[in-house]
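The exercises below are meant to be worked through with the sequence and the model at hand. Try each task before reading its solution.

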Amino acid sequence: MIFHYEAVNNSGTIVSGEVEATSQTEATRALRSRNLIATEVTAADNYLRPSAGKKSSQQELLVSLHEMVTLLESGVSIGETIESQSLANYPEDLSKSYNLMATEIRKGNSFADALRNSGLKLPIYLYYLAEAGEMTGNLAQSLREGVQQFEYEQRLAQEFRTALTYPGILVASGIAAVVLIFVFVVPKFLPMLDRAEDLPWLSEVIFTAGAFFNENYLFLVAFISMLALAIGWVFTNKLVRQKVFDFIAETPFVGIWIAEMDTARWSSVMAALLASRADLLSSLDLALDAIKATRRRARMELVSRDIRAGESLADSLEKSHVLTTTGYNLIRSGEKTGKLAPMMKSVARVYDEAARTRMRRVLTLIEPLAILILGGVIGSIIVGVILGITSINEAGF
C-alpha cells in the first residue's frame, strides 16, 4: 500500500513523498528509520480516508484503544505510539483527540495527563490505571486491564440492548395495530351508534373511543408528541434518571438482577485496579463509579470506612451485606494467599454469569407478557366491534 507523507528531517526542513507499507503505523516507523519525523501520513487510496465530520462509535473507540495498547506491548515508545495513533485512519473526533495527546506528550506531560486532556470519552478508572501503570513501569499491562474492562461493559450494554430489540419491536407493532384499527376499522361502524339502543358496554366503550379519536386526532397527536418530548426532556436530568433507576432497583425480581450486574462490574473494576498494583482504598473509591444503584453505592462506601478502621475487605463486605457467601469466601481466600486480584476476577465471573442468567429469565417473561397484553387489547377491540354488530342485527330482527 502506498502512503503520501510530509515529514521533518534532521535539519528541520519539511519534506514530502511516498512510502510503501502495509499500514500507517509501519509507514511511520519506516520514516523514523530514515531519520524523518512524520507530520502527516495519508493512504493514497481515497477510500481509506476518514469521512470529514464523522463521529466515532464506541466500537471504533475500543478498536483504537486496543491498537494503542498493542503498540505499547510491542515495545514501541509512548511518543511514537501516540504519534502513530494521531496519524491513523480514525474518524475525525478520534484523530483530533489523539492529536491533542501527541501535543501533550511533546510538551513533556505524562501519558496519564495527556489521556485526561484528550477529550476521549473514557471511564474514570482508565485514567487511574494509566497513572498507576506509569508509576510502576507497567503501562501496557495496566491499560490492557482497563481496556478489557471497558470492552466488557460495552459488550454487556450491547447484549442488553440487543435482547430488548424483539420486545421493543413487538410493543411498537402492537401499538401501531391498535392505532390502525381505530383509524380504519372502527370508523366504519360508528353509524351504528345512532341506530343502537342498547349496545354492550364493551362495544360502547370501543365505538365512543373510536369516535373521540377520529374527531380529535390532531389534538391527540400533538398531545402525545408534546408528552414524549416532555418525558425526553425530563430524562435528560441525571437526578431524574437516577431516581427512576433506584426505584427499579428496589423491585423484587429486576432489582436482584441490577444488584448482580452492579456487583459484577464492581468486582471486575476492582480486579483491574488491583492487578495494576493500585492500593486497596484507592481501588475501592474508584470502583464506586461502577455501581449504579444509590443504596448499594452507599453500602460500598461503608466498606471503605470499615477498612480504614482496620477490618479486612471480606469482613467489611460481609458486614455491609453486599455479596453472597461464595463472594465473601473467594475474597477471604484471596486476602490470605495474596492473590486478591485473581479472586476478584472470579467473583466478577460468578456474578456476571448470574446476571446473564437472570437477564434471560427477565426477557423470557417480558416477551409473553407483552404478547398477552397487546393480544388482550386488540382482541377486546375486535370482540367489542363484533358484539356491537351482533346486537344491532338482533335488534333489527
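A residue counts as buried under 20% relative accessible area, as exposed over 50%, and as partly exposed in between. The structure is a predicted model.

**Exercise 1. Describe the overall build of the chain: what secondary structure does the chain have, and is the chain compact or spread out?**

Solution.
- Step 1. The chain has 17 helices and three strands.
- Step 2. Its radius of gyration is 30 Å, whereas the globule rule gives 21 Å for 397 residues; the value is well over the rule, so the chain is more spread out than a compact globule.
- Step 3. The spans of the C-alpha trace along the principal axes are about 105 × 60 × 30 Å.
- Step 4. Of the 397 residues, 40% count as buried.
- Step 5. Among contacts with a separation of 6 or more, 59% are between residues 24 or more positions apart.

**Exercise 2. Characterise the surface and the charges: how much area does the chain expose, and how many positive and negative side chains does the chain have?**

Solution.
- Step 1. About 22000 Å² is exposed by the chain, and 61% of this comes from carbon and sulfur atoms.
- Step 2. There are 38 positive and 43 negative side chains.
- Step 3. The centres of these two sets are 4 Å apart.

**Exercise 3. Place helix α13 in its surroundings: which residues of α13 are buried, and which helices do they pack against?**

Solution.
- Step 1. Helix α13 covers residues 280-287, and its buried residues are Ser283, Leu284, Leu286 and Ala287.
- Step 2. For the spacing of such residues, recall that an α-helix has 3.6 residues a turn, so residues three or four places apart point the same way.
- Step 3. The packing partners of the buried residues of α13 are α6 (124-136), α12 (252-275), α14 (294-308) and α15 (313-320).
- Step 4. At the start of α13, the backbone nitrogen of Leu281 has a side-chain oxygen of Asp279 within 3.3 Å.

**Exercise 4. Classify Leu280: is Leu280 buried, partly exposed or exposed?**

Solution.
- Step 1. Leu280 belongs to helix α13.
- Step 2. Its relative accessible area is 25%, so Leu280 is partly exposed.
- Step 3. Beyond neighbours within four places in sequence, Leu280 is in contact with Met270, Leu274, Ile307, Leu313 and Leu340.
- Step 4. Val185 is 95 residues from Leu280 in sequence, and their C-alpha atoms are 66 Å apart in space.

**Exercise 5. Examine two residues of helices α7 and α17: what lies around Gly174 and Val347?**

Solution.
- Step 1. Gly174 sits in helix α7, residues 139-185. With a relative accessible area of 6%, Gly174 is buried.
- Step 2. Setting aside neighbours within four places in sequence, Gly174 is in contact with Leu374 and Ile378.
- Step 3. Gly375 is 201 residues from Gly174 in sequence, yet the C-alpha atoms are 8.0 Å apart.
- Step 4. Val347 sits in helix α17, residues 340-396. Its relative accessibility is 0%, so Val347 counts as buried.
- Step 5. Outside four places in sequence, Val347 is in contact with Ser267, Gly327, Leu330 and Ile331.
- Step 6. From C-alpha to C-alpha, Val347 and Ala264 are 7.2 Å apart, with a separation of 83 residues in sequence.

**Exercise 6. Treat two polar side chains: are Glu260 and Ser97 buried or exposed, and what do they touch?**

Solution.
- Step 1. Glu260 is located in helix α12. A relative accessible area of 11% is under 20%, so Glu260 is buried.
- Step 2. Not counting residues up to four places away, Glu260 touches Tyr351, Ala354, Ala355 and Arg358.
- Step 3. Ser97 is located in helix α4, residues 92-106. At 8% relative accessible area, Ser97 is buried as well.
- Step 4. Not counting residues up to four places away, Ser97 touches Ser118, Gly119 and Leu120.
- Step 5. A polar atom of the Ser97 side chain is 3.1 Å from the backbone oxygen of Ser118.

**Exercise 7. Check the backbone of His321: where does His321 lie, and what is its phi?**

Solution.
- Step 1. His321 is in the loop between α15 and α16 (325-337).
- Step 2. Its phi is positive, about 55°, although His321 is not a glycine.
- Step 3. The relative accessibility is 61%, which is over 50%, so His321 counts as exposed.

Methods:
Residues numbered from 1 in each chain as written. Predicted model: local features only at pLDDT ≥ 70, side-chain atom pairs only at ≥ 80, totals over all residues. Heavy atoms only, no water. Helix = DSSP H or I, 4+ residues; strand = E, 2+ residues; numbered from the N terminus. Rg over C-alpha atoms; globule rule 2.2 N^0.38 Å. Buried < 20%, exposed > 50% of the residue type's maximum accessible area, 1.4 Å probe, protein only. Contact = heavy atoms within 4.5 Å. Areas by Shrake-Rupley, 256 points an atom, 1.4 Å probe, with all protein chains shown as cover. Lys, Arg positive; Asp, Glu negative; His and termini not counted. Charge placed at Lys NZ, Arg CZ, Asp CG, Glu CD. Polar contact = N/O pair within 3.5 Å; in protein donor to acceptor, adjacent residues only side chain to side chain.
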